[in-house]
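Q: I am new to this structure and would like a close look at a single part of it. Please start from one spot and work outward.

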Amino acid sequence: MYRLLFNVVKRRIPRISPTEMIALQSGNTSVDRNILKGEIEYPEKKSYTNKFSEKELQNLLEMYYEEKIYPNDNENNVIDYLAKRKYFSFLIDEKYGGIKLSVNELSSILTKITSVDPGLGVVTMVPNSLGPGELLIKYGTEKQKDKYLPGLAKGDYIPCFGLTGPDNGSDATGSIDEGEVFEEDGKLKIRVSLNKRYITLAPVANLMGIAFNLQDPDNLLNKSGITVALVERNHKDLQQNKYHNPLDVGFPNGTIKGTIVLDLEQVIGGEENIGNGWKMLMECLSAGRGISLPATANASSKVATYGIMNYIKVRDQFKMPLASMEAIQEKFNNMVYNTWLIQSSVEMTNDILDSGSSPAVISAIMKQQTTERGRIVLNEAMDIHGGAAICVGYNNFLEKYYKSAPIGITVEGSNTLTRSLIIFGQGLNKSHPYIYPLLDSILTDDLDKFRTNFNNIVGHSVGLYYKTFTFSRTFEQQYIDFAALTNFVALRGGAIKSEQMLSGAMADIFSNLYLAQSVYYYHQHYETSEKLTNYVIKRLMDENQEKINKVIDNLGTERYILLHMKRKYSPTTYEEEREVFNEIMNNPKIVDEIKKNVYMKGILKDFEEISDLDKDTTKYSILKQRIINVDEYVN
């Protein structure tokens, strides 16, 4: 019987490419696995000591507030300042001269820097994310580490990493640049034709990591595949003479081109790591997905929300403050809702990463959800700020973030890819407690292992299904319903890859459960506002129930045994929206949390000052006029 079942399941599983298999085997799991078990488990709260000088950080923010970095700064003074003062060393151990930070501290610093300028944030985060530094730390030979890590730590080297090109973007390894092994003067070498684009820091970098698909047609090495190597600036025939301009945000981004010759010693990790490049890259993605991009979304959302919170108090229209208008209150509540989700999930994810875990699925959730929700916050803020938001000038605190929002969303493939293919599609195999072991038993043709894991998944599915028969509408019950629904959706096997609307909806539910858990986690540790916490979680649960109902309606005949899971829900009432708005505006703890890790300067400082002033004072009137002013320029 089990052999028959084995063959049936084998026919239904999707074809898994070698690169997909490496992705599945990279990183680990955390609370994402518990969600697919139908359980809630919170991570341990991590404490940390700041290693990086707060004074040094303040000096940077004071010196480069509102200064365009690239291409206006032809001497690269800002980048040189960052490099020489160890802002690029936050992943590097102290023994190499670095200042290795906890994830919490790194995230806080990136948030604060980005709250001044997103371009400055990008320049800081890239060397502390996927790049030569992390790859060298994890995979470099001792010789490579001793040569490059001290130089990276003290700023002699400005790093970048070249992966994408005209023919490989979201599909990172598809039609990637190719290299070929050849022999010259009795020594094996690699000839690589490079055509890289979208490479952040490429115009100013002098140490590049490059990825390419190595071919060995003459079996000189008997090794091939995706390989990563190090190249220094001015390498013979290397071209770094063109730059892109990503929406004029002001950070270096450009191309790496040329047909160059490499020694085998330039492969990161040496000859033995030839062909292991994709695995190496997959193991190093958590910093960019899980830390850097969420930190930028956190910064932009906090700045926008804090600014609008104060703007609607002082800006009058129709002989009343904007804050008195329900239409404004509704939009502002939506801003706080999404900002609270971003900052709560950043907090919990940082603690998970600081515990030593490297959960690939959670990192994907964080990348997609925070950048997408950050865009929602900015769109609502632009509507409220009105004409002042579309005119460049002193009081426009939104323009630079509005322009930069699509950039974070597009990195590593747009959120369309992350949502529709990665979070649930790969997460099903990665995070589910029994699916990957079952898959592995089929790939290894191990019938005994298949029998054990098949029995496990059946027992798991039946147990969860039984628990869905309840009238409960609790937070915990939705975890059970989602886990049970997941097991039925999983029966579609390889079809899930093409059914991307279904996969996207399941990704939304999965993500919302993670976010809801993080909001409760945040409240446990900060106790800012029970009313706001309940409001945010209820909205998430309502969104999820609507999606669960729709998913069930779009399944096959199995939907008939899931109809009891199509539960009714009660959307937030107008009165509840009014109450939450009043709670936000009158609870100083909420304002303090939104301001956390935001650098108060310029218009934001004006907002901070005016909030403490009596409306009848001259200073209030002066500040109000500065806040509602729109800069004018001579024709």
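A: Start with Gly98. This glycine lies in the loop between helix H5 (77-84) and helix H6 (103-116). Keep in mind that the model is predicted.

Is Gly98 buried or exposed? Its relative accessibility is 7%. Buried means under 20%, so Gly98 counts as buried.

What does Gly98 touch, leaving aside residues up to four places away in sequence? The contacts are Ser89, Ile92, Asp93 and Ala153. Lys86 offers another way to place the loop. Gly98 and Lys86 are 12 residues apart in sequence. In space, their C-alpha atoms are 7.0 Å apart.

Now follow one of those contacts, Ile92. Ile92 touches Gly98, and Ile92 is also one of the residues lining the second largest cavity. That makes the cavity a good next stop.

The whole structure has three cavities of 30 Å³ or more. The second largest has a volume of about 70 Å³. Its lining includes Phe88, Leu91 and Ile92. Pro127 belongs to the lining too, and so do Leu152 and Pro159. The rest of the list is Gly131, Pro132, Gly133 and Glu134.

Which helix gives the most to this lining? Helix H8 (residues 132-139) does, with three residues. By class, the lining has seven nonpolar residues, two polar and one charged.

Next, move along the chain from the lining residue Leu152 and the Gly98 contact Ala153 to Lys154. The side chains of Lys154 and Asp156 meet in a salt bridge, 3.5 Å from N to O. Lys154 is partly exposed, with a relative accessible area of 46%. Asp156 is partly exposed as well, at 38%.

That pair belongs to a wider set. A search of the whole structure finds 38 salt bridges. A few others help to place it.

Take Arg419 and Asp508. They form a salt bridge, with the closest N and O atoms 2.8 Å apart. Arg419 lies in helix H15 (residues 415-431) and Asp508 in helix H19 (residues 500-526), so the pair ties together parts that are 89 residues apart in sequence. Arg419 counts as partly exposed, at 26% relative accessibility. Asp508 is buried, with a relative accessible area of 9%.

Asp448 and Arg451 show another arrangement. Their side chains meet in a salt bridge, 2.9 Å from N to O. Both residues lie in helix H17 (residues 447-467). They sit three residues apart, about one turn of the helix. An α-helix has 3.6 residues a turn, so residues three or four places apart point the same way. Arg451 is partly exposed, with a relative accessible area of 30%.

Salt bridges can also link up. Glu184, Lys187, Lys189 and Asp263 are joined in a network of them.

One last stop shows burial along a helix. Which residues of helix H24 (residues 618-628) are buried? They are Tyr620, Leu623, Lys624 and Ile627. Seen down the axis of H24, these buried residues fall within an arc of 105°, so they line one face of the helix. The face turned away from that buried side carries the exposed residues Thr618 and Ile622.

Back to the starting point: Gly98 is buried and touches Ile92, and Ile92 helps to line the second largest cavity.

Technical notes
Residues are numbered from 1 along each chain as its sequence is written. This is a predicted model: local features need pLDDT of at least 70, side-chain atom pairs count only at pLDDT 80 or more; totals for chains, interfaces and linings use all residues. Side-chain values use heavy atoms; hydrogens and water are left out. Buried means under 20% relative accessible area, exposed over 50%, partly exposed in between (1.4 Å probe, protein chains only). Helices (H or I, at least four residues) and strands (E, at least two) are DSSP runs, numbered from the N terminus. The arc is that of the directions from the helix axis to the C-beta atoms. A salt bridge is a side-chain nitrogen of Lys or Arg within 4 Å of a carboxyl oxygen of Asp or Glu. On a 1 Å grid over the protein atoms alone, a cavity is a set of points where a 1.4 Å probe fits but cannot get out, and a pocket is an open set with protein on both sides within 12 Å along at least five of seven lines; lining residues have an atom within 4 Å of a point. Grid points are joined across faces, edges and corners, and a volume is the space filled by probe spheres set on the points. Ala, Val, Leu, Ile, Met, Phe, Trp, Tyr, Cys and Pro count as nonpolar, Asp, Glu, Lys and Arg as charged, and the others, Gly among them, as polar. Contact means heavy atoms within 4.5 Å.
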